[in-house]
Amino acid sequence: MSGPASADAAVSSTIVVPNTHPMVALLGANDENIKQFERDFPEVDVLVRGNEIHLSGDVTEIGLAEQVLAEMLSILRTGQGLTPDAVERSVAMLRTDRSLSPSQLLTANILSTRGKAIRAKTLNQKRYVDAIDQNTIVFGIGPAGTGKTYLAVAKAVQALQSKQINRIILTRPAVEAGERLGFLPGSLSEKIDPYLRPLYDALHDMIDPDRIPQLMTSGTIEVAPLAYMRGRTLNDAFIILDEAQNTTAEQMKMFLTRLGFGSTMVVTGDVTQVDLPGGTTSGLRIVQKILSGIDDVAFCELTSRDVVRHKLVGDIVDAYGRYEQSR
């Protein structure tokens, strides 16, 4: 790489890719990785010749582009496949903080199971995962698709496998059912199951589906409505409250005070999607004011930039946010 020139000057740089890293792996199928790189650096001219990548443009952007290319090569050195998504997320992280190492973040496994590795994919997700490691109660607040529940379940399964806890308890309010629950067909369990389905789906991604009924029968994994938590003390457990924006202030207090010794609690929700009856205040909206400043309690905010579903989901979240602000 060539040295940088004076600030704001146009400079050029040449990156020589070692022979240990085939250019096709760096560039991607149909050059999709380098095309994403070019989209992320519209002010940088990129020219690939043999095993060399020539860059020219503003000195600040060139410096960042060189750093991103170094991170792309680091990802390849780990043996992980490089994707356009990894390129885009590396650029986003480094634009936020040049001291970060996206290659370490994007290749650090939370859980490896059933031939699949589960990892944090954004800086805020990494902060969320770290907060779960470092605190007894963690609130993950953000829009749909940011991995709030999925990563929490992954950390729960990891804690169970490493014998840090004895059981996993997954719960959420069945607000949408309300008084209509009694009119639904089937047993109480069959009526409640649709509201707990997202938690089951996450479990099935991380544990052999044949083992889940055994773990649930033994009580090692429990999936239940929030109302079933009243009156209990939950020791040596990893407890996740999902869709917490649909709890009342009283329900949130009830849940948090179930905490026993040796347990971790993760509360997830999206304060922009409250389904409570009109006039009812969401417990998730006010809990941050109540618990702010208390040691061993962490609040993690995720945004549309942390959406890991289809890219359009992030755009939809932003569009709705702008609409609400305009009102």
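**A parallel sheet and its edge strand E11**

Before anything else, a word on confidence: this is a predicted model, its mean pLDDT is 87, and 90% of the residues in the protein reach 70 or more. Two stretches call for caution, the first being residues 1-7, where pLDDT stays under 50 and the model has 13 contacts beyond four places in sequence. The other is residues 177-181, also with pLDDT below 50, for which the model shows 5 contacts beyond near neighbours in sequence.

Let me turn to the sheet, which is open, has 6 strands in the order E8-E7-E9-E10-E6-E11, and is paired in parallel fashion. Strand E8, residues 221-225, and strand E11, residues 297-301, each have a single partner strand and stand at the edges, so one side of each is left without a neighbour in the sheet. From one strand to the next, the twist averages 15°.

Across E6, E7, E9 and E10 lies helix H7, residues 148-161, which runs at about 170° to E9.

Now to the E11 edge, where strand E6, residues 137-141, pairs with E11 in the parallel sense over 5 bridges, and where Ile137 has Val297 of E11 as its bridge partner.

Within E11 I would like to look at Phe299. Is Phe299 buried, exposed or partly exposed? With a relative accessible area of 22%, Phe299 is partly exposed, because buried would require a value under 20%. Leaving aside neighbours within four places in sequence, Phe299 is in contact with Phe139, Ile141, Val287, Gln288 and Leu291. As for Val267, that residue is 32 residues from Phe299 in sequence, with a C-alpha to C-alpha separation of 9.4 Å in space.

How values were computed
Residues numbered from 1 in each chain as written. Predicted model: local features only at pLDDT ≥ 70, side-chain atom pairs only at ≥ 80, totals over all residues. Heavy atoms only, no water. Pairing = 2+ DSSP bridges. Helix = DSSP H or I, 4+ residues; strand = E, 2+ residues; numbered from the N terminus. Axes fitted to C-alpha atoms, helices over the stretch in contact; angles between N-to-C directions. Contact = heavy atoms within 4.5 Å. pLDDT = per-residue confidence, 0-100. Buried < 20%, exposed > 50% of the residue type's maximum accessible area, 1.4 Å probe, protein only.
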